[in-house]
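Visitor: I'm new to reading protein structures. Could you walk me through this one?

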Amino acid sequence: MKPSTTLGLLFATFACASWLPEAPGLPKNFEPRWQRRIDLRQTNSTSEWPYGPLRTQGRDIVNSRNETVTWAGVNWPMSGETMIPEGLEWKSAEDILNDVAGIGFNFIRMGYAIQMVDEIYDRGGDDVPLEISMIMALGYENGTKVTNEIIAKNPSWTRETTRFEIWSDIADIAASKGIYIHPDVHVGKAQWCCSHTDGNAWFDDVHFSSVSWRRCLAFVASWARHHRNVVSMSLRNELRESWNRTDLSYNWHTLAGNMSAGADAIHGANPDVLISWSGLQYDEDLSALTARRNLLTAPCYRCTAVRDARRRAPVYFDLDQHPWADKVVWELHLYDGSEDVDTGTCDAVEAALYRGGFNALGMEAPEDCDDDCAPAARPTPVILSEFGGAQDASLYDDGSLQSCLRAFTMRHGISWMMWSLAGSYRVRSGVQGLADTWGLTNADWSGWNDPDTVENYWKPWIASMNLTRA
């Protein structure tokens, strides 16, 4: 029998980009404006909401009072080319957050681009102002127009207000309404996500430098220290095989090595924040990690084979070997457009969810499971951080993926975040002013895409979740 190795003890193994040189930090005199402005604002106090720092305890997330924390939330897109949250030209940040709180959500997943932090380093520590962000993405005419509209709706901001200053204001307003904020590394290069060919797919893809990514994680984790409701952040959204670079090793071994290095970067900058860890194939699969299978031989869709795996000692990922063991929360996604998951029946969906990583909640294997539904090696929280569809009466359809997910989260008390808030985008896939029927809001953000489903679908679902409130 070959001796086994845990990944927590590996520091120079095959196909892991975790040991590339670190990107240099900013000199003290180049601290970004947001940090100089709010250095004295850290309030991660155990005596007031959200009673941080949060940690994991078995399958649950708990606060400093040992109360279980449950979330129901929405994705607010802000990883497009402007790198400014969508909708602010139509409505103030205060009013948008009132709408979010009015439905009952207590959590916002804020998707952002690594490029946003890269540009701060490129500018010697200065963040990018609002007007420059708009002009660079939309052109001079539309960029200045949208800038003026945003300032009119948000009069405390100016053309010189920076991206992270806007983030900080949104985080502070959200805190006043009892809403958690979760920064999510959505893409490397700011653009619509996701595909195998967008250059953002896998570590060291065309637009996804592993070094810049780790630097970005540390930067955002440092920013989070100054906002009490920023209690968690993600490592990376929807990893997948790159079809641009065929020399990259897309497999469990590479995933675990890189994500461990990313978690090190976050934890080193902010040991209080929770770290959400996504899986392979558009974040549908965490099976080898939750079931603690050999990372060299565990099956996965489209993975790069480790050809000599049978001649090598097995490699396992052991979360308990890391200093952030009680900070990691697994996250999974599922959409009808999945390449490999059967979403045709609720029984098939529940088996796929269990197999993909929800086994870590300690639930019994669903009836539709077969021999590959292994139990988890360790109880750990798992959240459903993305799913979605058209905001119309089809949400009520029995047997649809959405109805299956709704029943699954309610039955097992699973935190979730729907896609998305935005009923329109300033620019998406090259189209300016694009409306989106998957968004909760209508195109001009003046109301809901479908008021009936907001009242009779989303609100009852949220009400059933026994959410953690301020």
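## A tour by question

Guide: Let's start inside, with C404: its relative accessibility is 1%, so C404 counts as buried. Keep in mind that this is a predicted model.

Visitor: Which helix holds C404, and which residues does C404 touch?

Guide: C404 is found in α12, the helix covering residues 401–412. For contacts, leave out residues up to four places away in sequence. What remains is T345, C346, V349 and G399.

Visitor: How far apart in space are C404 and A463?

Guide: Along the sequence, C404 and A463 are 59 residues apart. In space, going from C-alpha to C-alpha, the distance between C404 and A463 is 18 Å.

Visitor: Now S338: is it buried or exposed?

Guide: First, the place: S338 is in the loop between β10 (328–333) and α11 (346–356). Buried means under 20% relative accessible area. S338 has 15%, so S338 is buried.

Visitor: And how far apart in space are S338 and K327?

Guide: In sequence, S338 and K327 are 11 residues apart. Going from C-alpha to C-alpha, the distance in space between S338 and K327 is 29 Å.

Visitor: Let's zoom out. Why does the radius of gyration of the protein chain agree with a compact globule?

Guide: The protein chain has 470 residues, and a compact globule with that many would have a radius of gyration near 23 Å. The C-alpha atoms fill a box of roughly 70 × 55 × 45 Å along the principal axes. The radius of gyration agrees with the globule because the protein chain has 21 Å.

Visitor: What share of the residues counts as buried?

Guide: Here's some background on the chain: there are 13 helices and 14 strands. Among contacts with a separation of 6 or more, 75% are between residues 24 or more positions apart. Of the 470 residues, the share that counts as buried is 61%.

Visitor: How much of the accessible surface belongs to carbon and sulfur atoms?

Guide: The accessible surface of the protein chain comes to about 17700 Å². The part that belongs to carbon and sulfur atoms is 49%.

Visitor: Which residues of α3 are buried, and what covers them?

Guide: Helix α3 (residues 114–122) is mostly covered, with seven of its nine residues buried. Those are I114, M116, V117, D118, E119, I120 and Y121. The cover includes β5 (107–113), α6 (163–176), β6 (180–187) and α7 (210–224).

Visitor: What phi does G124 take, just after α3?

Guide: G124 comes just after the end of that helix. The phi of G124 is positive, at about 70 degrees.

Visitor: What about empty space? Which element gives the most to the lining of the largest pocket?

Guide: The largest pocket holds about 520 Å³ of space. It is lined by 27 residues, and the closest to its centre are C193, C194, E238, Y335 and E386. Both α9 (280–283) and β13 (424–428) supply at least two lining residues. With three residues, the element that gives the most is β13.

Visitor: How many residues of that lining are charged?

Guide: The lining of the largest pocket divides into three groups. Nonpolar residues number 11, polar ones eight, and charged ones eight.

Visitor: And what volume does the second largest cavity have?

Guide: The count is four cavities of 30 Å³ or more. Lining the second largest cavity are nine residues' worth of neighbours, including L289, F317 and W330; the lining divides into five nonpolar, two polar and two charged. The volume of the second largest cavity is about 60 Å³.

Conventions: Residues are numbered from 1 along each chain as its sequence is written. This is a predicted model: local features need pLDDT of at least 70, side-chain atom pairs count only at pLDDT 80 or more; totals for chains, interfaces and linings use all residues. Side-chain values use heavy atoms; hydrogens and water are left out. On a 1 Å grid over the protein atoms alone, a cavity is a set of points where a 1.4 Å probe fits but cannot get out, and a pocket is an open set with protein on both sides within 12 Å along at least five of seven lines; lining residues have an atom within 4 Å of a point. Grid points are joined across faces, edges and corners, and a volume is the space filled by probe spheres set on the points. Helices (H or I, at least four residues) and strands (E, at least two) are DSSP runs, numbered from the N terminus. Ala, Val, Leu, Ile, Met, Phe, Trp, Tyr, Cys and Pro count as nonpolar, Asp, Glu, Lys and Arg as charged, and the others, Gly among them, as polar. The radius of gyration is taken over C-alpha atoms; the globule rule is 2.2 Å times the number of residues to the power 0.38. Buried means under 20% relative accessible area, exposed over 50%, partly exposed in between (1.4 Å probe, protein chains only). Contact means heavy atoms within 4.5 Å. Accessible areas come from the Shrake-Rupley method with a 1.4 Å probe; for residues, only the protein chains shown count as cover.
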